[in-house]
Amino acid sequence: MPETYPAVVRYVLWGIVAFSALYIALIAVVPLPLYRLFGNTFEAAAALVCMGICLYAYRFWSGRVILVLAAFAFGEYALATAFWYLFTLLPLTADFGRPFVFTSVAELAFFGFMLFFIAGFQIEREKEPFPLSYRIILVLVFLAVPLMVIARYGIVVRTGLLLVQFAVVAWLILVTIGHGFYRYPLIWAGICLRALVSMLYGLRETLFLYYPSWNVTLPQGTTLSVYELASVVGPLIILSIALITLGLLSYIRDPGNDPRPPV
């Protein structure tokens with residue numbers, strides 16, 4: 001790994017961070033259909049950029065397996081988000097309405113994003129001591145929300161999928177902490193944001209969808225339903241991906257982070 005990666009890489013990634021933050025605010029002024037269209041396009045493009053950076057870093061800067069797994073995560077997310085959005089527009093599925101997207105095959109790819117990092121973190125670093133009692137408490141905290149939704153609406157496909165989604169998020173957080181990646185601020189911030197947005201997305205497509213009367217009035221005077229406002233999940237996910245990529249590049253540049261022997 002060079003002493004520092006090219007400045008253009010940092011500029012591109014921090015540019016994605018800045019644009020994501022700006023785009024979140026634009027939900028108050030951009031019509032929602034256009035906001036979703038441009039947002040999903042930006043998601044796919046930015047994820048592909050991060051994939052390319054990780055692959056380049058693997059080939060020319062460091063042969064760390066975690067970079068390849070991160071590239072796979074970003075690449076499959078780009079494909080999944082394109083599919084997810086197009087799936088809501090195809091004539092064959094348009095009559096089902098937006099609720100149907102939460103039970104599409106795209107969910108497997110969204111879970112896959114987190115599973116790639118779960119595997120990458122476990123391969124990259126040895127497991128550190130993490131008391132079982134803390135792990136149990138953390139899992140119970142994460143599962144409390146989907147269990148309350150199930151208690152209210154029963155077990156159906158969407159609520160069951162919500163429970164699985166929260167369980168995968170809890171697993172990601174446990175592995176991130178258990179393998180010491182919480183010590184790297186950009187990686188930790190990106191993972192936490194990705195986990196938060198994943199849970200928000202699940203709630204948007206289950207709970208928020210059926211309460212159109214839950215409204216929020218923004219400072220500009222625009223009133224949106226909570227479901228509509230939750231469309232910010234797209235730029236938030238890209239913000240998390242850019243932060244994770246920045247964190248990974250800083251992580252592998254540090255000579256003190258020796259990789260495990262090749263598996």
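In this predicted model, the largest cavity has a lining of 23 residues, and those nearest its centre are E43, Y77, R204, V233 and G234. The space inside this largest cavity comes to about 260 Å³. A search of the whole structure returns one cavity of 30 Å³ or more. Several helices contribute to the walls: α2, α3 (65-87), α5 (106-124), α8 (185-204) and α10 (233-253) each provide at least two lining residues of the largest cavity. In chemical terms, the lining of the largest cavity is a mixture of 11 nonpolar, seven polar and five charged residues.

It helps to place these helices in the overall fold. The protein chain contains 10 helices and two strands, and along the sequence these elements run in the order α-α-α-α-α-α-α-α-β-β-α-α. Of its 263 residues, 51% count as buried. One example is G190, a residue of helix α8, which counts as buried because its relative accessibility is 0%. G190 also takes part in a contact between separate stretches of sequence: its C-alpha lies 5.0 Å from that of L243, although the two residues are 53 apart in sequence.

Charged side chains add further links. Side chains of opposite charge can pair when their charged atoms come close. Three salt bridges are found in a search of the whole structure. In one of them, E124 and R64 meet through their side chains at 2.6 Å, N to O. Here E124 belongs to helix α5 and R64 to the loop between α2 and α3, so this pair ties together parts that are 60 residues apart in sequence. Both E124 and R64 are buried.

The remaining story centres on E128, since R125, E128 and R183 are linked in a network of salt bridges. The side chain of E128 meets that of R125 at 3.3 Å, N to O, and E128 and R125 are both buried. E128 also forms a salt bridge with R183, at 2.7 Å, N to O. Because E128 sits in the loop between α5 and α6 (132-153) and R183 in the loop between α7 (157-178) and α8, the pair ties together parts 55 residues apart in sequence. R183 is partly exposed, with a relative accessible area of 46%.

Turning to the surface, a nonpolar patch is formed by V8, Y11, V12 and V49, which together have about 370 Å² of accessible area. Helix α1 (residues 7-25) supplies the largest share of this patch, three residues. V49 is placed in helix α2 (residues 32-61), and its relative accessibility of 34% is why V49 counts as partly exposed.

Terms used
Residues numbered from 1 in each chain as written. Predicted model: local features only at pLDDT ≥ 70, side-chain atom pairs only at ≥ 80, totals over all residues. Heavy atoms only, no water. Patch = residues over 30% accessible without salt bridge, like charges linked within 9 Å, V, L, I, M, F, W, Y side chains within 5 Å. Areas by Shrake-Rupley, 256 points an atom, 1.4 Å probe, with all protein chains shown as cover. Salt bridge = Lys/Arg side-chain N within 4 Å of Asp/Glu carboxyl O. Helix = DSSP H or I, 4+ residues; strand = E, 2+ residues; numbered from the N terminus. Buried < 20%, exposed > 50% of the residue type's maximum accessible area, 1.4 Å probe, protein only. 1 Å grid on protein atoms, 1.4 Å probe; cavity = no way out; pocket = protein on both sides within 12 Å on 5 of 7 lines; lining within 4 Å. Points joined across faces, edges and corners; volume = space filled by probe spheres on them. Nonpolar A, V, L, I, M, F, W, Y, C, P; charged D, E, K, R; others polar.
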